[in-house]
Amino acid sequence: MPLLEETTLPQEHPPTVPVVIIGNGPSGICLSYLLSGYKPYLDTATVHPNPILYRKLQETKHLPITEQDLEYLSEGLEGRSRNPVAVLFDTLLHPNADFGYEFPPVLQWRRDKQQHIPHLVLGRSTPGGAWHAMEGSILTISLGIWMELPGVNYRDLINGKRRDVTSDRATPEEISSYYRNYVKLKGLQKNFVDNTYVTSVQKLCRGQEGEGLENGHTDQGDGGMGDGGNEGFEGNGVECGGGALWEVRGYQQVQSDTHVPFSLFAENVVLATGASDSPVRLGVEGEDLPFVFHSISDLGLAVSRRKLDMNSDPVLIVGAGLSAADAVLCACNSNIKVLHVFRKSTDDPDLIFKQLPKTLYPEYHKVYNMMCSQTYTNVAPSSASNRPQAVSIASSVCAKMCPKPQLATTKMTGNASVSLFPDYTSFPEHCVVSFQSDMKCLLQGNNSLKAFKISMVLVLIGTNPNLFFLKGQGQYLSQDPTKPISCKQNPIDIHPYTFECTKEPGLFAMGPLVGDNFVRFLKGGALGIASCLLKRLKKKGKLISNGGNDFI
């Protein structure tokens, strides 16, 4: 990869790359696979269980899916993604998966190096993205086979290891290893540049013919493919909409303390950064105090360093999602007292636990049982005198510490008791008012305030993407430009079949940024983007004859 000193930019023109992918997690890896000439065809030895879709596939079985009409194929399909191409690709890779079946894919993959689109994948670590930073002992929500990428069977790569009834789920360590090995097995390494941090992405509009680029940069060719193959990529690749180029700047960390800046032009940029960059904050007083954290890894670190034990004051965990449940399990398994605060009621239909089968996710249902049965209001009557007392809003609630909460007894189910953790108390329909420097927290619920002495706080209420390298952090790209981008509430607005941003031709987004939070569905973004770019090349009559990335 060309690493150009910033001072040389006015004199030396950065190379032009047809496609730059920002993010090397499963989204970026899958797109790299499809841009590297791997093409999905209908496997004529298989039959899709959906007869209407199967009939459509038979009509053009001689063509790869990337060259077919994705809107036509997606019509009438239903699934757990808001993006129709994601549902289409999922049902081709995992037919009828939502009904509990494990049918083989109906696709076969062939490589056509003449269809390679040169590209770079920029990532902050080795291929796999955020999976490398996740807690290694926690099991994934999705089944291991749903985490796999096209062309490499997940079970084959982990040598068929099995643990127990939940063995079809995987650990982050297994998944991150799978993604690293996938890149090697498919020969994609030349497309990936690791330890790379993007700091700026700006659109540079071409002037009239002969006038060059804005900001003092000169034009580099006509933006089309040369007749003699790939020569350094200048002027080669996919023409971008509107005749614009994107300038991508950043630095590569080549040693622990050495940052080498780089700059390059891209005809198309793909945002595949995921959504784990910035934890959502409560926005309350004291959230920046040193005992308040926003990552479950901080709890694991405190436990491993023996800063917390069974004699410590309780850990306060805020949130009702799976990250909060993981933190509860981590603390309880280490015999650490837990106060668990969340705004929803325990019978809220939107709680994630209600969507998980008990047989596959017993640990999360164990947490949910405690959330329901070991609430602050359910403390046994004999212990009521020892409970923390509700404090009047008008009083000085933090003047002195409230007694430690006495916790509920185990919940009885039928004739057998569920093995729950006794040192756990839940606070449904409560919210945090503030944290105090003397290690106290103030909670509000049922028109009263409660104060507790705590040892540590984990605020685990979700994460948002951090697109600081875009103008206005990319907010103008979202469905509601007046609000920040949120993967669930306000994703980036894209064309449903190409994943191109509606407000920026030549800029694409995929994965959590467009609402596909599960690996199972983010692969659809790769299909949509690759199909779009390949069709644009074909329309221009310009094919790529050289599959190498000469500028790396």
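The exercises below concern one helix residue and a set of paired strands in a predicted model.

**Exercise 1.** Determine where Arg-180 lies and whether Arg-180 counts as buried, partly exposed or exposed.

Solution.
1. Locate the residue: Arg-180 belongs to helix H6, which covers residues 172-185.
2. Take the relative accessibility, which is 32% for Arg-180.
3. Apply the cut-offs: buried means under 20% and exposed means over 50%, with partly exposed in between.
4. Arg-180 is therefore partly exposed at 32%.
5. For a spatial contact across the sequence, take Thr-126: its C-alpha atom is 7.2 Å from that of Arg-180, although 54 residues separate the two along the chain.

**Exercise 2.** Describe how strand S17 pairs with S16, and find the partner of Val-432.

Solution.
1. Set the ranges: S16 spans residues 431-436, and S17 spans residues 440-445.
2. Read the pairing: S16 and S17 are antiparallel, with five bridges.
3. Pick out the bridge of Val-432, whose partner in S17 is Leu-443.
4. Inspect the connection: three residues lie between the strands of this hairpin, and Met-439 in the turn has a positive phi of about 65°.

**Exercise 3.** Describe how S17 pairs with S18, and state how covered S17 is.

Solution.
1. Strand S18 covers residues 448-453 and runs antiparallel to S17, joined by six bridges.
2. One of the bridges links Gly-445 to Ser-448 in S18.
3. Two residues lie between the strands of this hairpin, where Asn-446 has a positive phi near 55°.
4. For the burial of S17, count residues: five of its six are buried, so the strand is mostly covered.

Note on methods. Residues are numbered from 1 along each chain as its sequence is written. This is a predicted model: local features need pLDDT of at least 70, side-chain atom pairs count only at pLDDT 80 or more; totals for chains, interfaces and linings use all residues. Side-chain values use heavy atoms; hydrogens and water are left out. Helices (H or I, at least four residues) and strands (E, at least two) are DSSP runs, numbered from the N terminus. Buried means under 20% relative accessible area, exposed over 50%, partly exposed in between (1.4 Å probe, protein chains only). Two strands pair if DSSP finds at least two bridges between them.
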